[in-house]
Amino acid sequence: MITITNLVKTYGSGAKATTALNGIDLEIAKGEIFGIIGHSGAGKSTLIRCINMLERPTSGSIRIGETDMTKLGKTQLQQQRRRIGMIFQHFNLLSSATVYDNIAFPLKLVRTPRAQIDKKVNQLLELVGLTEHAKKYPAQLSGGQKQRVGIARALATDPDVLLCDEATSALDPQTTDSILRLLLDINRKLGLTIVLITHEMHVIQSICDRVAVIQGGVIVEQGPVIDVFLKPQQPVTRDFINRESENAEALDDAICAPHAESARTVKVTFIGDLTYQSIMSQTVKETGVDFAILQGTISRIKETPYGQLIVRFEGDAANIRRTLERLVEQRLEVEEIEA
Ligand SMILES: Nc1ncnc2c1ncn2[C@@H]1O[C@H](COP(=O)(O)OP(=O)(O)O)[C@@H](O)[C@H]1O
Ligand SMILES: [Mg+2]
């Protein structure tokens with residue numbers, strides 16, 4: 001659906017030049033929710049703005065379907081942009097227009113007949129749950145409601161792709177979740193491809209299928225969210241994941257607490273159906289070792305449940321080794337942690 005090849009974007013020239021993107025290759029499939037995560041200044045906004053040519057790439061290509069966006073003239077580009085909706089962190093609504101008129105705006109721009117506009121806007125109001133607020137002005141809405149208007153406006157021209165630039169970063173956690181649920185709902189109902197950039201792993205974890213991690217204008221890691229989340233390869237990725245687990249310090253204390261020479265501390269990960277099975281208790285019954293739970297989480301990545309336990313096995317060294325082997329045989333991920 002979207003193919004980005006060797007994309008470079010340099011702002012300015014000479015001594016003042018900043019290379020914001022330095023050779024990005026990405027392939028985004030039709031109908032997926034693709035997340036891009038990175039710290040401030042990593043190049044996220046530049047990347048997403050290059051996709052619809054709000055920023056002109058310095059070199060490289062961006063294809064949407066069969067169309068190379070970098071090769072289009074002005075009129076063709078305007079037409080192509082109607083296939084790409086965009087929403088923003090600060091909503092970018094017209095403050096002097098009602099909710100209804102904000103959503104109708106892109107349709108008026110292309111002189112859509114009034115009856116058709118009315119039908120479309122009413123459908124969109126319903127889709128985003130704002131039917132009762134149609135006559136209000138943006139200043140009368142909450143942040144979450146403003147973003148719903150932004151989403152409806154972005155969908156007015158029936159795009160194939162929705163670009164989201166930190167769309168939930170100005171919202172509180174509860175409102176963030178409701179907007180993420182709405183995006184997921186739209187993705188499913190309309191088959192819309194969504195590209196979402198964020199600095200919050202939680203956003204990626206909730207709704208994305210795949211994720212790319214961007215640092216200094218380069219993609220340093222990418223893959224299905226479940227793989228990247230459970231087996232991060234890069235320090236920056238680990239940092240994003242750990243940032244949201246507040247217990248990092250408590251865990252350090254637990255890992256360093258006095259323990260027997262033969263004890264082994266491991267992280268055990270259960271994915272999917274395995275999450276809810278009693279594999280641990282059955283295994284230790286079999287091998288006769290004890291264990292202490294130092295930390296535990298059960299959560300979800302999109303729809304896939306997973307559990308992660310940090311446990312210290314205690315007992316006879318050979319029995320502990322046997323226990324770890326048995327866990328691996330039963331398809332759990334087992335990773336030893338140095339105390
Ligand atoms: N219009 C611009 N002119 C010059 N430099 C810019 C411009 N926009 C962004 N940059 C620079 O490009 C880099 C990436 O910025 P940006 O894409 O906004 O990152 P992010 O969205 O990840 O915070 C930063 O170093 C930023 O200062
Ligand atoms: Mg940005």
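## Briefing: a ligand shell, two sheets and a helix pair

The shell of residues around ligand 1 breaks down into three nonpolar, eight polar and one charged. Keep in mind from the start that this is a predicted model. The chain has 339 residues, and its secondary structure adds up to 12 helices and 14 strands. Below is a quick tour, beginning with the whole chain and then going through its parts.

**The chain as a whole**

- Measured out along its principal axes, the C-alpha trace spans about 80 × 55 × 35 Å.
- Buried residues account for 34% of the chain.
- Take the contacts between residues at least 6 apart in sequence: 68% of these join residues at least 24 apart.

**Around ligand 1**

- Here's who sits around ligand 1: Tyr-11, Gly-12, Thr-18, Ala-20, Gly-38, Ser-40, Gly-41, Ala-42, Gly-43, Lys-44, Ser-45 and Thr-46.
- Two elements give two or more residues each to that shell, namely strand S2 (18–28) and helix H1 (44–51).
- H1 provides the largest share of the shell, with three residues.

**The six-stranded sheet**

- Six strands line up as S6-S7-S8-S3-S9-S10 in an open sheet, and their pairing is mixed.
- At the edges you'll find strand S6 (84–88) and strand S10 (218–224), each of which pairs on one side only.
- From one strand to the next, the twist averages 15°.

**Strand S3, inside that sheet**

- Strand S3 covers residues 33–37, and five of its five residues are buried, so the strand is largely enclosed by the rest of the structure.
- The side chains of S3 split two ways: Ile-33, Gly-35 and Ile-37 point one way, Phe-34 and Ile-36 point the other way, and all are buried.
- One neighbour of S3 is strand S8 (residues 193–198), which runs parallel to S3 and is joined to it by five bridges.
- Another neighbour is strand S9 (residues 210–215), and here the pairing is again in the parallel sense, over four bridges.
- Phe-34 has a counterpart in each neighbour: Val-195 stands opposite in S8, and Arg-210 stands opposite in S9.
- Ile-37 has Val-213 as its bridge partner in S9.

**Ile-2, a buried residue at the start of S1**

- Ile-2 belongs to strand S1 (residues 2–11).
- Ile-2 has 22 other C-beta atoms within 10 Å, and the cut-off for a buried residue is 20 or more, so Ile-2 counts as buried.
- Setting aside residues up to four places away in sequence, Ile-2 touches Ile-28, Ile-51, Ile-64 and Val-161.
- Ile-2 and Glu-27 are 25 residues apart in sequence, yet their C-alpha atoms are 5.8 Å apart in space.

**The four-stranded sheet**

- A separate listing of four strands gives an open sheet in the order S12-S13-S11-S14, with antiparallel pairing.
- The edge strands are S12 (290–301) and S14 (333–337), and each pairs on one side only.
- The twist averages 20° from one strand to the next in this sheet.
- Strand S11 (residues 264–271) runs antiparallel to S14, and five bridges join the two.
- In that pairing, Val-268 of S11 stands opposite Val-334 of S14.
- Helix H10 (residues 248–256) lies across S11, S12, strand S13 (304–314) and S14.
- H10 runs at about 155° to S12.

**Helices H11 and H12**

- Helix H11 (residues 279–287) and helix H12 (residues 317–329) have axes that come within 10 Å, and these cross at roughly 145°.
- The crossing of H11 past H12 is right-handed.
- On the H11 side, the contact is made by Thr-283, Val-284, Glu-286 and Thr-287.
- On the H12 side, Asn-319, Arg-322, Thr-323, Arg-326 and Leu-327 make the contact.
- By type, the residues of this contact come out as two nonpolar, four polar and three charged.

How values were computed:
Residues numbered from 1 in each chain as written. Chains lettered and ligands numbered in written order. Predicted model: local features only at pLDDT ≥ 70, side-chain atom pairs only at ≥ 80, totals over all residues. Pairing = 2+ DSSP bridges. Near = placed C-beta within 6 Å. Nonpolar A, V, L, I, M, F, W, Y, C, P; charged D, E, K, R; others polar. Axes fitted to C-alpha atoms, helices over the stretch in contact; angles between N-to-C directions. Left-handed = near helix turned anticlockwise from the far one by under 90°. Contact = placed C-beta atoms within 7 Å.
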